[in-house]
Amino acid sequence: MKKNNALVFEGPTETPDFPVRISYNDSRNVVNDSDRLVYCHYHSEYELIYVTEGSIMMEIDTNLIHVRTGDAVIINGNEIHSGYCVNQENCQMYGIIFKLDMLSSHEQDACQSKYLDPFLCGQYKFPSYIPNESGWQAKVISEMVSIVEMYRQQPFGYEWKIKSCLFSIVAEIIANKAFLAHNEQAVIPSAKLERFQKSIAYIQEHYYSHISIEDLAGVAGISVDHFYKIFKQISGETPVTYVNRHRTRMAANLLKYTDLSVLDIALQTGFDNVSYFIKTFKKYTGFTPSAWRKMD
């Protein structure tokens, strides 16, 4: 296994001993003008996003949030999210993806039962938008910046420091009653979002094998034509493009973090033709697989 010395998309997903990973998105690395800075996806983990440059429009479920330099957003578990630059500016952002239950107590104390459990069971939600303002917002954003720096440098004991920062973020939100209670939350996701979510889950679970639009429409429980329209409306791209982009993301991580051959990686990520894999990989990253692997 190669050393984790670079931030590649969202990094390795298998980190059971410390379930935190960092993503880095830079619009300068977006090869196609039609690509979103943050591709449309969801995951069960929570995510803290901090914008370091530019202005980004984040779409969380059906809500649009204009996030400027220095601002932050919080993605609650299983929320569909994506983002794109505003006014063709250069944009950069970091994402801190983590499992909220890593903050759980071994014993059922007041911190667990009174505060954390309501988040874990969906009774409470974190606020989506954290503007760059003085007060608790500035403290939360400062902790996010510290997490990114700790993760990048990884000094001895960095895991403790990161976990401490996460505790501080949750504490600030709770102390200032900035969370949303169940009766304050948005309406239950529409049928469109639920169908889209099912199709994304299928892609994430079966990307290494053949996937047809008929398969995805069947999972969503609607006709192919209806599915195609909904998928493109929500994600901004066709199902085929989305599948190829997801496979490329998985391949990019394997290239950086393993010593598998390009052929093996192509086969493990759903490409049955190496030439097509190389062509597709270069289309979405701007690099050949071999060149990507050599990058620091």
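Start your tour by selecting Glu 59: its bridge partner in strand 5 is Leu 64. (Helices, H or I runs of at least four residues, and strands, E runs of at least two, come from DSSP and are numbered from the N terminus.) Before you go on, keep in mind that this is a predicted model, with residues numbered from 1 along each chain as its sequence is written. Local features need pLDDT of at least 70, side-chain atom pairs count only at pLDDT 80 or more, totals for chains, interfaces and linings use all residues, and side-chain values use heavy atoms, with hydrogens and water left out.

**Stop 1: strand 4 and its partners**

Colour residues 55–60, which are strand 4, and then 63–68, which are strand 5. The two run antiparallel and are joined by six bridges. (Two strands pair if DSSP finds at least two bridges between them.) Two residues sit between the strands of this hairpin, and one to click on is Asp 61, with a positive phi near 55 degrees.

Now bring in strand 7, which pairs with strand 4 in the antiparallel sense over five bridges. Select Met 58 and you'll find Gly 83 of strand 7 opposite. How many of the six residues of strand 4 are buried? Five are, and the strand is mostly covered. (Buried means under 20% relative accessible area, exposed over 50%, and partly exposed in between, with a 1.4 Å probe and protein chains only.)

**Stop 2: the loop between strands 6 and 7**

Stay with strand 7 and step back into the loop before it. Asn 76 is in this loop, between strand 6 and strand 7. Buried or exposed? Asn 76 has a relative accessible area of 3%, so it counts as buried. Show its surroundings: leaving aside neighbours within four places in sequence, Asn 76 is in contact with Glu 45, Tyr 46, Lys 125 and Phe 126. (Contact means heavy atoms within 4.5 Å.) If you like drawing distances, try Asn 76 to Gln 123: they are 47 residues apart along the chain, and their C-alpha atoms are separated by 12 Å.

In the loop between strand 6 (72–75) and strand 7 (81–85), select Asn 78 too. Asn 78 is partly exposed, because its relative accessibility is 39%. Its phi is near 70 degrees, a positive value in a residue other than glycine. Most residues other than glycine have a negative phi.

**Stop 3: the open sheet**

Next, pull up the open sheet of five strands, in the order 1-8-3-6-10, with antiparallel pairing. Its edges are strand 1 (20–26) and strand 10 (129–130), each pairing on one side only.

Walk in from the strand 1 edge. Strand 1 and strand 8 run antiparallel and share seven bridges; pick Asp 26 and its bridge partner in strand 8, Gln 92. Although strand 1 is an edge strand, it is largely enclosed by the rest of the structure, because six of its seven residues are buried.

On to the next pair: strand 3 (residues 46–53) and strand 8 (residues 92–98) are antiparallel and joined by seven bridges. Val 51 has Met 93 of strand 8 as its bridge partner. While you have side chains switched on, remember that in a regular strand they alternate between the two faces of the sheet.

**Stop 4: two exposed loop residues**

Select Lys 177, in the loop between helix 3 (158–175) and strand 11 (180–181). Its relative accessible area is 70%, so Lys 177 is exposed. This is another non-glycine residue with a positive phi, about 50 degrees.

Then jump to Asp 272, in the loop between helix 8 (262–268) and helix 9 (274–285). Asp 272 counts as exposed because its relative accessibility is 73%. Add Tyr 208, which is 64 residues from Asp 272 in sequence but 9.6 Å away in space, C-alpha to C-alpha.

**Last stop: zoom out**

Show the whole protein, with its ten helices and eleven strands. The C-alpha atoms fill a box of roughly 55 × 45 × 45 Å, taken along the principal axes. Buried residues make up 47% of the 296. Among contacts between residues at least 6 apart in sequence, 68% join residues at least 24 apart.
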